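Student: Could you take me through one part of this structure closely? I would like to follow one helix and see what it touches.

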Amino acid sequence: MKWFVEKPASVRLSRRALLKIFGISIAAIAVGAYKITDLFAHRNKYIKMRQKGQYKDDERVRKVYKLAASHQNPMIKRFYDEFAIQPFGEVSEELLHTTYFKRTGGF
Amino acid sequence: MVEKIRTFPPSPVNEKLKTYRKGELAGIVRVSDRCVGCDTCRTQCPTGAMMGEIGTRHKIDYDRCINCGQCLINCPFGAIEQMSFLDEVMKKLEDKNSFVVAIVAPAVRVALAEEFGKPPGTLTVSRLHLALKKAGFHIFENNFAADQTIMEEGTELIGRIAYWELGLKEIEFEIKDIRPISWVKKVKLDLKEFENKPLPQFTSCCPAWVRYAEVYYPEILPHLSSCKSPQQMAGPTAKTYGALKVWKVNPERIYTVGIMPCTAKIYEASRPEFDSAWRWLKEKGLVTTKFKDVDAVLTTRDLAELFRRKGINPIEFSENEKPENFEWYSGGGTIFGTSGGVMEAALRFAWSVLSGQEPPALSEKWNFVKVRGYTHPRVEAKITIPLKSELKKEIGLDEVTLNVCVVNGIGYRGLHIKDVLEEVLAGTSKYHFIEVMTCPGGCLNGGGQPVEPMGTSWIDPVLPLPL
């Protein structure tokens, strides 16, 4: 009486099927690992997104108010006409310029 | 989702410090006892101020620290805390006698929305202004002050080049704009004072970089532009011109609050020489009690907390209000927040002034894409500017070529800047103008910005190979 006869492995799973499964698993692991590294490679994505926002604002100001460069700003014109007179003028030197300080930490 | 960063009220440090003057704030970022010693911060520190090893609680050497806050935004455990003036500002907003002015930095508008559930880069401009007004602030765009900075710093660059490269004794030129009506500003510079201002010129907008130069490379200081940073131009302008001619209020009532993406700005506002508005007004007999140019500084995170406490959501306001007074700014002013922006804004100004050209605002000619930092640690470019006919006669050249360099993040222990500085000190630098931003990416990745946990580079030190 035969209770149970174990089939040879090659019957349950042919050599070809085994290769197929292994191949697919390796591919899956590789793709997954690639995706994960991808995630880290783009870990500074938020910097790029904020940069994009900054240049979008540049474009917006230029499109809506026609102001590309600093000297076109109407309030800048007012500031120099009514108050500071000219860059590096007397008022500018007193309010907008500074000096620096040597700090010796001994490093 | 942004990470919550703990804060503490302004308090003095109980240590004897060598690189601070009386009155200057030290210890703006500090390591709390929640530090697990993962050592991520040490690899982000540009000066080697972070002390400690893997597994031990880290500590900041305040004498070496330049307050950039990169350790704070890169800490994967939120263990680094920030000094905050929020309570003081809240009190001032309640006080009916104070005229509270918000100085809003360029990089705040691209990041604040993250605290209210929007993706990074979402623009909040007029809705941010409206929300601030609702909270009780008056608006002074730091972008306006950035435009002021360009007027001064661009003029300074022209002066330095005229003196050192062209050997002139004085120079006269016109700053003009043809739209909407013709406007001309004649500038006459006596170049004698530029004897002490050698080339190349460094930007001085970044307070962490200024402190880095002061502590580590003091010989470089004559090369730093003498212009204050936009925040420190905004303070005195608000308290003099703003108070006397625009808002018509008593300068003593004005309380200026810098709203900055930056922790080093908190330190900058405390520098003792920054009381120029008080000195100027006192000379004219208009005020008596002493005050600072910028009274308090909030980070972008602090501002979000202020809005939350007041129950204001800036996202809900209109984005289409027309600017008035100090809310006006140019494209050149707003790109100050990103690496390469100061350079590009200065080039737009210098190019227009020297070549006499005024193309339409959307023209490609205003874009100096070559100097944009993006994510490269260092960018260099050669910009050729044709001279207009009057200057051709005055100078005797057809065009000038500017060599410029943008340092996008000082890097680990000065990695990206050391050789630039050594070259300048050795006298072999080919550059005319060098922009330095302490934080990689510029202000928009500053130590006061909302913290994106995915953006932290804590994984860097554990990886066997760079990705």
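Tutor: Happily; let us start at one helix, H5 of chain B, and work outward from there. Keep in mind that this is a predicted model.

Helix H5 of chain B covers residues 142-164, and its axis comes within 10 Å of the axis of helix H4 of chain A, which covers residues 74-84. Look at the angle between them: the two axes cross at roughly 60°. H4(A) and H5(B) are therefore oblique to each other. If you turn the view, you can also follow the handedness, since H4(A) passes H5(B) in a right-handed crossing.

Which residues make this contact? On the H4(A) side, they are A:Met75, A:Ile76 and A:Phe79. On the H5(B) side, you will find B:Phe144, B:Asp147, B:Gln148 and B:Met151. Sorted by class, the contact of H4(A) with H5(B) has five nonpolar residues, one polar and one charged.

Now step back to the whole meeting of the two chains. Here 79 residues of chain B are in contact with 52 residues of chain A. Several elements of chain B give two or more residues to the side that touches chain A, among them H5, strand S8 (170-177), strand S9 (183-190), helix H6 (207-216) and helix H7 (230-246). Of these elements, H5(B) gives the most, with seven residues. The side of chain B that touches chain A divides into 40 nonpolar, 23 polar and 16 charged residues.

H5 also has a part to play inside its own chain. Chain B is divided into domain 1 (86-144 + 230-327) and domain 2 (151-207 + 332-445). The centres of these two domains, taken over C-alpha atoms, are separated by 28 Å. Where the domains touch, 14 residues of domain 1 of chain B are in contact with eight residues of domain 2 of chain B. On the domain 1 side, H5 and helix H8 (264-269) of chain B each supply at least two residues. H8(B) gives the most to that side, with four residues. By class, the domain 1 side holds eleven nonpolar residues, one polar and two charged.

Some of the elements we have just met lead on to loops that are worth a look. In the loop between S8 and S9 of chain B you will find B:Pro180. The peptide bond from B:Arg179 to B:Pro180 is cis, with omega near -10°. Another cis peptide bond joins B:Leu199 and B:Pro200, with omega about -10°. B:Pro200 has its place in the loop between S9 and strand S10 (201-202) of chain B. Next, move to the loop between H7 and strand S11 (254-260) of chain B, where B:Lys248 sits. Phi of B:Lys248 is near 55°, a positive value in a residue other than glycine.

Finally, let us visit a sheet in chain B. Three strands form an open sheet in the order S1-S5-S2, and their pairing is mixed. Strands S1 (7-8) and S2 (29-31) of chain B stand at the edges with a single partner strand each, so one side of each is left without a neighbour in the sheet. S2(B) pairs with strand S5 (residues 80-83) of chain B in the antiparallel sense, over three bridges. To see one residue pair there, start at B:Arg30: its bridge partner in S5(B) is B:Glu81.

Definitions and conventions
Residues numbered from 1 in each chain as written. Chains lettered and ligands numbered in written order. Predicted model: local features only at pLDDT ≥ 70, side-chain atom pairs only at ≥ 80, totals over all residues. Axes fitted to C-alpha atoms, helices over the stretch in contact; angles between N-to-C directions. Parallel < 35°, antiparallel > 145°, perpendicular 65-115°, else oblique. Left-handed = near helix turned anticlockwise from the far one by under 90°. Contact = placed C-beta atoms within 7 Å. Nonpolar A, V, L, I, M, F, W, Y, C, P; charged D, E, K, R; others polar. Domains from an automatic or database assignment. Pairing = 2+ DSSP bridges.
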